[in-house]
Amino acid sequence: MRLFVSEGAPGSLPVLAAAARAQGLAELLISTVGPEECVVPFLTQPKVPVLQLDSGNYLFSTSAICRYFFLLSGWEQDDLTNQWLEWEATELQPALSAALYYLVVQGKKGEDVLSPLGRALTHIDHSLSRQNCPFLAGETESLADIVLWGALYPLLQDPAYLPEELGALRSWFQTLSTQEPCQRAAETVLKQRGVLALRPYLQKQPQPSPPEGRGVSNEPEEEELATISEEEIAMAVTAWEKGPESLPPLRPRQNPVLPVAGERNVLITSALPYVNNVPHLGNIIGCVLSADVFARYSRLRQWNTLYLCGTDEYGTATETKAMEEGLTPQEICDKYHTIHADIYHWFNISFDIFGRTTTPQQTKITQDIFQRLLTRGFVLQDTVEQLRCEHCARFLADRFVEGVCPFCGYEEARGDQCDKCGKLINAIELKKPQCKVCRSCPVVKSSQHLFLDLPKLEKRLEEWLGKTLPGSDWTPNARFIIRSWLRDGLKPRCITRDLKWGTPVPLEGFEDKVFYVWFDATIGYLSITANYTDQWERWWKNPEQVDLYQFMAKDNVPFHGLVFPCSALGAEDNYTLVKYLIATEYLNYEDGKFSKSRGVGVFGDMAQNTGIPADIWRFYLLYIRPEGQDSAFSWADMLLKNNSELLNNLGNFINRAGMFVSKFFGGYVPEMVLTPDDQRLLARITLELQNYHQLLEKVRIRDALRSILTVSRHGNQYIQVNEPWKQIKGSEADRQRAGTVTGMAVNIAALLSVMLEPYMPSVSATIQAQLQLPLPACSILLTDFVCTLPAGHQIGTVSPLFQKLENDQIESLKQRFGGGQLEESLELKAKVSPTPAVVETVTTAGPQQIQTLMDEVTKQGNTVRELKAQKADKNQVAAEVAKLLDLKKQLALAEGKPLETPKGKKKK
């Protein structure tokens with residue numbers, strides 16, 4: 001077979017992604033041709049993509065080619081997939097063609113582009129939400145997913161055209177976009193130029209007719225209204241009328257929290273942060289904050305919940321930090337454990353336990369697991385070649401070594417893992433290794449060590465994964481990482497290190513060694529629980545009754561999804577293993593990385609000094625939570641989200657609802673007589689509440705936050721349409737209508753206060769205090785929208801919830817946390833004098849300062865290139881070029897180079 005594709009031809013995207021299914025099943029040659037090339041001899045117009053079959057026949061529609069590849073892989077077609085393909089051809093493609101033409105050929109932006117596509121995107125989002133499945137036709141990816149993804153990718157890969165309120169669509173799109181076949185297809189067709197790569201193709205197409213129907217607006221779509229059935233409305237009204245009496249009694253809070261037979265017992269862990277540093281925003285969202293949201297949600301559901309974390313205190317990192325600060329390892333642990341605890345307390349993280357790993361219980365449990373593995377034949381001994389620093393007279397543990405990654409060439413890879421490509425490394429594999437203490441080049445010498453025999457445990461792991469993964473909510477990146485490890489074949493993994501600071505190895509001949517931190521760090525969850533209660537085994541040796549959720553960034557997946565399960569399975573002691581492994585991607589800082597040494601990024605101990613409340617930080621971090629792909633913290637975006645979503649949407653609605661009760665009805669909730677429109681609103685709110693539950697049950701934390709904002713938008717729209725401030729001045733019937741609208745609105749506000757509790761607990765408590773929401777209603781979230789503030793309920797004093805963030809305030813913070821002081825210092829040095837003597841003094845700038853400027857020059861250069869490619873306004877381009885030249889000047893001065901006289905542009 002031969003597949004003909006063309007760069008910049010939209011149809012090439014899905015067929016290349018689908019072609020990955022045929023790999024190894026048939027011989028496939030992929031040829032790139034020009035868009036004008038006539039591949040199919042009997043067609044009057046050039047057409048790509050085209051699949052020429054071995055029989056000599058041709059397929060030349062995108063869906064037909066994709067279908068062929070799927071059928072070749074053994075996929076069985078179904079009616080729902082066929083329906084999606086029909087819809088894509090008749091409804092989506094005309095709207096999408098118009099949107100792409102407006103954007104790429106006519107240069108339109110924003111709503112002008114999205115307008116023809118609004119209904120189609122909403123239809124996909126609603127379908128995904130209603131069936132509560134990650135893909136269009138069910139739990140697994142289908143032909144429909146690939147065809148629709150390929151059609152939408154050129155437009156939706158720009159986040160500006162992926163509406164934030166369409167959470168299910170966004171999650172579906174990002175899940176597919178992170179898959180390797182889809183990524184390769186996008187790179188081949190778009191060549192990193194984004195939608196602009198389609199311009200030559202689209203310019204040759206006739207101008208599409210605008211699709212019939214109105215564009216996107218804040219009014220409910222007719223299609224959306226039609227999807228709410230009379231039965232759903234009746235059920236919503238019945239639930240509403242049950243009132244606060246329908247709330248179940250609060251379950252008493254135990255101390256300690258222990259599993260209860262017959263109840264849902266939820267055990268939640270956050271990856272243990274290294275004690276030796278201060279966590280930055282990326283660390284906080286990746287582990288503790290994400291887990292905190294789910295723990296709070298679990299408690300609202302009345303599930304029996306234990307949430308634990310603690311500092312990971314043993315290992316090389318601690319010894320390194322102790323040497324840097326001139327303290328003992330124990331002093332370092334004590335100091336930074338307190339720092340971590342204070343940061344998490346300020347962020348309102350609701351741990352049941354925040355412990356540490358330097359405890360007798362850690363030693364006891366780790367050594368017990370080791371002894372059980374040893375007696376069952378899962379521990380090997382072998383001689384290991386290690387790096388030894390002759391200058392420091394010691395074997396170098398992994399984190400005392402830095403060098404060039406042998407896999408990807410990253411120049412700052414650690415001796416155990418490369419932060420860039422994520423691969424685990426043996427230190428002796430590093431190219432150009434250096435001792436981190438003295439920077440001398442270490443030599444290779446031998447040392448005796450212990451290994452966990454992972455190949456011997458591989459079958460047990462596969463069997464366990466086979467039972468665990470189907471139907472579970474492991475994140476796609478976690479599944480991919482574990483499967484890639486298994487695909488490559490497991491190898492014995494060293495579990496000991498030549499260190500003093502760690503859990504001692506209880507074996508003759510190994511008294512001078514300790515356990516490798518990644519053998520015993522995950523055992524820290526057990527020991528922290530054991531320090532909380534002597535009945536810890538009821539949680540950790542009880543897989544039949546306990547659901548274990550583990551939260552982490554993706555670099556921790558191998559240890560939680562492979563190393564610890566192998567250790568526990570080999571120990572044969574009925575350990576509770578992870579059922580839901582939730583891994584985020586990485587959070588960057590303003591398109592770069594967090595760096596404490598360069599003063600770039602916000603770290604946990606700094607956030608509380610910005611004047612911005614903890615709940616605002618929580619909201620924004622959760623809003624940009626890196627689910628499915630990396631995301632970036634942006635000060636400008638934080639200002640925008642605070643002022644639009646919190647101040648103008650959520651805060652505005654809740655404040656108005658409460659103020660109407662106070663101002664028009666003396667602080668008492670008025671009588672409510674529901675009209676059919678009110679009942680339909682009840683059903684819409686109920687559906688959004690149920691969507692919120694479905695998303696959080698699947699730990700789609702960021703998307704569930706969108707549901708809260710959608711409910712608030714429904715409330716704002718309801719108030720705007722009904723205008724109670726006018727109705728209150730009219731007839732008796734008008735006044736009654738104003739009362740109904742006000743009562744409905746304040747009950748929606750009460751619901752929002754509970755939905756918001758996992759995300760913004762302090763704001764939630766403030767709303768509930770202002771509304772004087774009864775206690776059971778504050779602590780229980782049902783799946784139905786219930787009237788918790790009946791007529792006659794007295795509310796408290798209402799006041800604004802949020803403050804506006806100002807541009808100058810945010811610019812100041814951006815400068816403060818962007819290495820700005822360093823740049824100012826260099827600018828001052830550069831302005832002293834242009835003479836060579838002063839240039840010599842500037843060369844004393846350290847390598848980190850120079851690297852910072854080099855990064856800034858690269859970033860600014862990319863900005864200029866992008867603006868030129870987009871044919872931006874000349875004045876805007878000139879301003880950015882001036883910034884680039886100034887940065888280059890600072891860099892030259894910092895490096896001690898003579899300044900070059902700017903050259904004029906050559907005329908063509």
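Here is a short talk between a student and a tutor about a predicted model.

Student: What makes β5 and β6 count as paired strands?

Tutor: Two strands pair if there are at least two bridges between them. Five bridges join β5 (residues 265-270) to β6 (residues 304-311), so they count as a pair. The two strands run parallel, and Val266 stands opposite Thr305 in β6.

Student: Which strands make up the open sheet, and in what order?

Tutor: Five strands form the sheet, in the order β7-β6-β5-β17-β18, with parallel pairing.

Student: Why are β7 and β18 called edge strands?

Tutor: Each of them pairs on one side only, so β7 (353-356) and β18 (580-584) are the edge strands, given that a pair needs at least two bridges. From one strand to the next, the twist averages 20 degrees.

Student: Now the second largest pocket: how much space lies in it, and which residues are closest to its centre?

Tutor: The second largest pocket holds about 810 Å³ of space. Its lining has 29 residues, and Pro10, Gly11, Lys47, Tyr201 and Gln205 are the closest to the centre.

Student: Which elements give two or more residues to that lining?

Tutor: They are α2 (62-72), α3 (79-105), α6 (143-156) and α9 (199-203). Of these, α3 gives the most, with six residues.

Student: What makes Pro10 nonpolar but Lys47 charged?

Tutor: Pro is on the nonpolar list and Lys on the charged one, so that is how the two residues are classed. Sorted this way, the lining of the second largest pocket divides into 16 nonpolar, nine polar and four charged residues.

Note on methods:
Residues are numbered from 1 along each chain as its sequence is written. This is a predicted model: local features need pLDDT of at least 70, side-chain atom pairs count only at pLDDT 80 or more; totals for chains, interfaces and linings use all residues. Side-chain values use heavy atoms; hydrogens and water are left out. On a 1 Å grid over the protein atoms alone, a cavity is a set of points where a 1.4 Å probe fits but cannot get out, and a pocket is an open set with protein on both sides within 12 Å along at least five of seven lines; lining residues have an atom within 4 Å of a point. Grid points are joined across faces, edges and corners, and a volume is the space filled by probe spheres set on the points. Helices (H or I, at least four residues) and strands (E, at least two) are DSSP runs, numbered from the N terminus. Axes are lines fitted to C-alpha atoms, for helices over the stretch in contact, and angles run from 0 to 180 degrees between N-to-C directions.
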